Structures are given as C-alpha cells and as structure tokens.
Amino acid sequence: MFNGLGSIDDTFSIKSPNDIRYGMGATDELKRFAARHGIESALIVTDADIADAGATAPVCDALSAASVDIHVFDGVTPEPKLRLAEQATEALSKVDADLVVGIGGGSCLDTAKLASVLIEHDTPIREMLGMDNVPGPGRPTVLVPTTAGTGSEVTHIGVFADEDDGNNKKVVYSEHLFCDLALVDPTLTRSLPPAIAAATGMDALSHAIESYVSTLRTPMTDVLARRAIELIGENLRQAVHQGAHNDEARYRMSLAATMAGQAFVNSGLGAVHALTYPLGVEYGIGHGRANAVLLPHVMRYNVLAEPDRLADIAHLLGSTDQTTLEQARGAADAVAALNDDMGIPNQLRELGDIDESEFEAFADVAFEYSQHNIDRNPRSMSRQDAVELFENAY
C-alpha cells in the first residue's frame with residue numbers, strides 16, 4: 001500500500017551518511033576505519049562530563065589500536081553557540097588532526113560536523129547558515145552518539161545559538177555535514193542518568209511522530225518512523241528505569257533514535273519543533289524535555305487533519321481505543337502517559353516560571369525562526385492557533 005502524500009509515480013530520495021555501523025561494541029569499527037583511511041591523528045569533540053565519565057574510552061581504545069594520535073576538545077556545552085564551533089575549529093587547526101570524532105549528544109555531534117567543514121573552507125561561519133551554503137566537503141568525520149535521542153549522527157543538520165542575534169537558534173543544512181561513519185553503540189548509553197534517558201528518548205519519539213505526519217513524508221520515512229515509534233513505546237520505560245541492567249531496552253532505544261533521525265532528516269518535522277524553539281531560547285529549557293511537554297498538545301491539535309495516522313500511532317504505542325477519532329486522541333493520551341512515567345510534566349507551567357503574557361511573543365519567534373517546521377505540520381497553523389496551543393499546554 002502506498003502511504004506517502006505524493007503520487008505513486010513520484011520519485012523520492014533518501015539522504016543518509018556514507019556508512020552506519022550499529023550494535024554492541026560498534027565503536028571497535030573505528031580501528032578498521034582509521035587503518036583503511038590512513039588516519040594518523042584525531043580530534044575528539046565532546047563535553048567535559050562525557051570525558052570525565054569515561055564514555056570516550058572505547059573510542060580512544062579503538063584509535064590507539066590503530067596507532068592514531070588522540071587529541072581532545074571537551075568544551076562543548078548544551079545548546080552550543082556558533083562561537084563554540086569556531087573554538088572547536090581552532091583546536092582542530094592547532095593539532096592539525098586528519099579525523100574529527102564527535103562523541104556525545106546532539107550538541108557534541110553538531111559541533112564536530114560544523115568544525116569539520118569550517119577547517120576546510122575560508123568561509124565565515126555565518127555565511128554557512130541556512131540551506132546548502134557550505135561550499136564543499138569537510139575533513140573526515142565519525143560521529144558516536146552516547147544518548148538515544150537526537151539522531152544527529154545520521155543527519156546533515158547543525159543547530160547553534162547565535163550570540164549576535166539574541167542567542168536565537170540558527171541551522172546549517174548541507175549534505176557536506178553528513179559524516180563518513182556513524183557508530184551507534186548502545187553500550188555507550190548504559191551510564192545515562194534516568195532524566196537524560198527520558199528526555200532524549202522523548203526527543204526521538206517526537207522526531208518519529210512528526211516525521212510520520214509531516215507533509216513531506218514518503219513511503220520510506222513511514223517505515224522508519226513507524227518502527228521507531230513502536231520500539232520507543234515498547235522500550236523507553238525499561239531503558240529509563242532499569243538503565244544499565246537492561247541492555248536489550250537500551251539497544252532498541254538506540255536503534256529507534258537512529259531510525260527516527262533517518263526519518264525526519266528526509267521528511268522534515270512539524271509544529272512541536274517550531275513551538276519549543278522559544279522555550280529553549282527564552283528559558284533555557286532542554287530540547288528533549290520541551291518537545292516531550294508540547295508533543296501531546298500538538299498531537300491533539302493535529303487530530304482533525306490526520307485522524308488515521310494518529311490512530312496508527314496510538315496502536316503502535318499500545319492504545320486500545322475503538323473508533324478512529326478515539327484512537328487518534330488516544331495517541332496523545334499515550335504520549336502524555338509516557339511523560340508521566342518518565343517524570344516529565346505535561347504542562348508548561350511545571351517547567352519553570354514561564355510567563356503567560358509572553359505567549360504571543362513566543363508565537364512570533366516560532367514563526368520567524370522555524371516557519372519551515374510549521375509549514376510541514378499536517379494541520380495549518382496561524383499565529384493565533386500557536387498562542388492558543390501554548391495556552392492549552394500551560
């Protein structure tokens with residue numbers, strides 16, 4: 001059965017990194033990659049917490065086994081700024097490493113991607129912002145996620161706060177940001193604290209759900225998104241609450257996050273990602289947590305536009321309501337219940353001292369900086385609709 005929005009005669013493309021290696025101990029593949037490509041030195045781009053926790057050790061062991069000199073830039077911070085990417089590039093230039101290895105969550109992986117192209121091109125960083133403004137390939141790059149959430153290891157996207165523009169988020173989209181090798185090793189997620197496992201898992205779920213109802217969805221992204229939703233519904237609770245004691249759940253969550261990343265990078269996202277934008281900029285609320293809170297509210301908003309799809313999502317998440325509309329609304333309820341079990345609130349007021357009087361300004365920010373995501377939402381959304389959604393979510 002054809003499931004895309006376009007015609008059966010349309011031709012679709014799937015964008016993806018050159019090579020994805022998945023499984024327990026996948027980081028060992030880095031040894032063969034380094035030998036195959038004649039790598040002599042590598043810069044690891046990560047954050048201090050990951051480095052201190054020893055999560056970089058398997059990568060260092062693999063590189064050392066290939067006689068690669070290892071250097072580390074551990075200055076990445078959450079919600080990274082453009083200046084941070086420049087600092088990583090300076091570190092890369094100083095050691096002249098011929099491989100960039102990003103290890104961590106989306107912030108670390110995005111920083112590694114952008115540094116890999118900045119080092120190769122005499123182009124100011126702000127001229128690379130937007131769609132297809134990176135002039136050419138970057139330095140060889142390997143991305144190793146330590147969370148099961150962002151899917152950044154399989155995307156051609158980098159998201160950064162612009163300190164010259166009120167820390168508003170800016171995005172780089174370019175095929176040159178695809179890594180040469182994505183290493184998805186679920187063993188690296190064993191030490192994730194429950195709160196981070198919950199937030200990143202819900203981030204992956206938001207990617208899968210928004211991909212599944214996106215106006216740019218394709219039959220291929222449908223397959224990826226559906227399976228990711230199902231895996232998350234079956235495994236997130238155990239991955240959060242059993243952690244290192246349940247390798248199977250962590251394994252499947254890593255798979256789900258990567259599949260969701262492959263889905264959304266080819267289908268686009270939706271209103272959840274647009275409306276969470278001002279929450280991160282104005283209040284510093286973590287991306288995954290903000291997505292989790294708004295996701296059920298946006299799903300309820302979208303019910304009338306995509307009842308069959310949302311009913312599918314309810315089924316994939318284990319809901320047993322009867323009629324299509326009941327099932328569609330049950331999908332939002334199932335996500336809200338998952339938030340409850342993860343210790344994540346379902347109302348904006350529980351995220352902090354958020355001022356209701358700012359909701360009109362929030363809507364303006366969402367439309368100014370994330371119009372493309374709103375355009376891909378299955379139900380048309382006006383600024384007033386966005387304000388009302390914030391009010392309902394409050």
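1. A good place to start is Tyr212: the charged end of Arg309 sits over its ring, 4.2 Å from the centre. Here a charge counts as over a ring if NZ of Lys or CZ of Arg is within 6 Å of the ring centre and within 35 degrees of the ring normal. Tyr301 has such a partner too, with Arg379 over its face at 4.1 Å from the ring centre.

2. A word on the basis: this is a predicted model, where local features need pLDDT of at least 70 and side-chain atom pairs count only at pLDDT 80 or more, while totals for chains, interfaces and linings use all residues. Residues are numbered from 1 along each chain as its sequence is written, and side-chain values use heavy atoms, leaving out hydrogens and water.

3. Now to the ring pairs. Rings of Phe, Tyr and Trp (its six-membered ring) pair if their centres lie within 6.5 Å; planes under 30 degrees apart are stacked, over 60 edge-to-face, and the rest tilted. That rule gives six aromatic pairs. One of them is Phe359 with Tyr394, edge-to-face at 5.8 Å centre to centre and 65° between the planes. Phe359 belongs to helix H14 (residues 359-369) and Tyr394 to the segment after helix H16 (383-393), 35 residues apart. Helices are DSSP runs (H or I, at least four residues), numbered from the N terminus.

4. Phe359 and Tyr394 are both buried, meaning under 20% relative accessible area (1.4 Å probe, protein chains only).

5. Next, Phe362 and Phe390 pair edge-to-face, 5.5 Å centre to centre with 70° between the planes. Phe362 is in helix H14 and Phe390 in helix H16, so this pair ties together parts 28 residues apart in sequence. Phe362 and Phe390 are buried as well.

6. To put the picture together, ring pairs link Phe359, Phe362, Phe390 and Tyr394 into a cluster.

Technical notes
Helices (H or I, at least four residues) and strands (E, at least two) are DSSP runs, numbered from the N terminus. Buried means under 20% relative accessible area, exposed over 50%, partly exposed in between (1.4 Å probe, protein chains only).
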